[in-house]
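Please find below a colleague's note on the side-chain packing and the charged pairs of one protein model. The points are numbered for reference.

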Amino acid sequence: MAEKVSGETSEDRSDSAVPPGAAAVSQDLRSVLVTSVLNLEKLEIDLYRGTHHWVPRTRRLFGGQIIGQALVAAAESVGENVLAHSLHCYFVRAGDPKVPVLYQVERTRDGRSFSVRSVKAIQHGQPILICQASFHSNQPSPLQHQFTMPSVPPPEDLLTVEELIQLYLSKPDLAEKAKQGLNKLLADEVPIEIKPVNPPDFYRGVAMEPKKLYWVRARGHIGKGDMKLHCCVAAYVSDYSFLDTALLPYPGQRATFSASLDHAMWFHNTFRADEWMLYETESSWAGGSRGLVQGRLWRRDGVLAASCAQEGVLRVKAVTNESKL
């Protein structure tokens with residue numbers, strides 16, 4: 001993975017909408033999420049273009065990237081003394097990884113403590129995502145409570161997804177079809193690191209409760225920077241493997257089509273997206289070819305950093321004659 005956008009110069013950066021706060025810590029930015037995936041070019045006031053796409057195996061644009069870039073664009077239009085506290089997005093069309101995405105920002109409202117922005121992500125002249133983002137200046141309050149963070153092993157005691165795949169590949173009796181599938185997973189250059197608390201069964205042979213726990217962080221160093229920057233990265237991270245939680249109780253079913261319909265996120269406390277956070281996800285409902293998933297991002301010290309929710313389309317078919325270990 002490249003550490004910076006190819007051909008980028010200081011002059012180029014002055015005309016670009018890099019994630020807010022990046023200019024102040026440019027020497028520390030080593031994460032591809034910041035230097036490329038979430039980097040936008042400013043075309044005009046409140047109009048930006050994203051050209052660096054991370055494309056998953058679905059060959060469609062990754063929804064988390066479009067959410068993250070929309071939040072980057074929205075954050076460029078608000079003052080430094082306000083931070084994102086929520087976003088609500090609808091995915092209305094599949095993204096085309098072959099063309100840039102335009103982000104059009106509407107300054108919906110600027111109040112004394114809250115600012116609201118509407119963002120349209122556009123391709124081929126039509127919106128692919130509609131996002132509402134709200135920003136809030138911090139206001140102390142005696143009302144403070146949260147759930148308790150789950151008790152889990154620290155990330156240092158766990159293996160990454162890539163290391164778990166290598167363990168599977170080292171098995172001498174591994175079927176060739178299974179080996180090919182695992183190597184495809186390994187070839188994906190995912191810009192985030194994941195350490196599952198309960199390592200997944202890559203073949204989903206056993207029905208499981210629709211819950212997942214895993215440590216997650218952005219690859220590479222970002223630095224303290226601006227919280228707006230870390231919120232944009234967390235918005236990207238929040239969508240990765242999120243909807244899959246709804247499939248865990250159904251080992252006999254394989255998704256033939258899945259897509260996010262909407263995505264919401266609430267930011268509660270400061271955090272760093274390049275440090276390990278525990279992502280707790282659960283699916284409370286599935287039906288009508290849709291699934292609903294909620295998530296909580298916890299800091300290592302037990303502070304609840306953010307909450308998420310998403311509904312998506314899940315069309316499945318029965319699995320037959322799958323290759324097993």
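The note covers the basis of the values, the nonpolar cores, a surface patch, the cysteines and the salt bridges.

1. The model is predicted: local features need pLDDT of at least 70 and side-chain atom pairs count only at pLDDT 80 or more, whereas totals for chains, interfaces and linings use all residues. Residues are numbered from 1 along each chain as its sequence is written, and side-chain values use heavy atoms, with hydrogens and water left out.

2. The largest nonpolar core (buried Ala, Val, Leu, Ile, Met, Phe, Trp, Tyr and Cys residues joined through side-chain atoms within 4.5 Å) has 65 residues. Here buried means under 20% relative accessible area, exposed over 50%, and partly exposed in between (1.4 Å probe, protein chains only). Helix α6 (residues 227-238) supplies the largest share of this core, nine residues; helices are DSSP runs of H or I with at least four residues, strands runs of E with at least two, numbered from the N terminus. Apart from this core lies another, of eight residues, among them L158, V197, W215 and L278.

3. Y103 is among the residues with the most contacts inside the largest core. Beyond its neighbours within four places in sequence, Y103 is in contact (heavy atoms within 4.5 Å) with residues including L40, Y48, I66 and V119.

4. Y90, V92 and I130 make a nonpolar surface patch of about 270 Å². Such a patch joins nonpolar side chains (Val, Leu, Ile, Met, Phe, Trp, Tyr) within 5 Å, like charges being joined within 9 Å, from residues with over 30% relative accessible area and no salt bridge. I130 belongs to strand β7 (residues 126-136) and is partly exposed, at 34% relative accessibility.

5. Zero disulfides (pairs of cysteine sulfur atoms within 2.5 Å) are found in the whole structure. Why is the sulfur of C89 not in a bond with that of C131? The two sulfurs are 3.3 Å apart, which is too far. C89 is buried, at 1% relative accessibility.

6. The count of salt bridges (a side-chain nitrogen of Lys or Arg within 4 Å of a carboxyl oxygen of Asp or Glu) is 14. One of them joins E156 and R300, at 2.8 Å from N to O; because E156 lies in the loop between β7 and α4 and R300 in the loop between β12 and β13, the pair ties together parts 144 residues apart in sequence. E156 is exposed, at 51%, and R300 is partly exposed, at 43%.

7. R296 and E280 form a salt bridge, with their closest N and O atoms 3.2 Å apart. R296 is buried at 17% relative accessibility, and E280 is buried at 15%. Both belong to a salt-bridge network with E209, K211 and E282.

Key
Accessible areas come from the Shrake-Rupley method with a 1.4 Å probe; for residues, only the protein chains shown count as cover.
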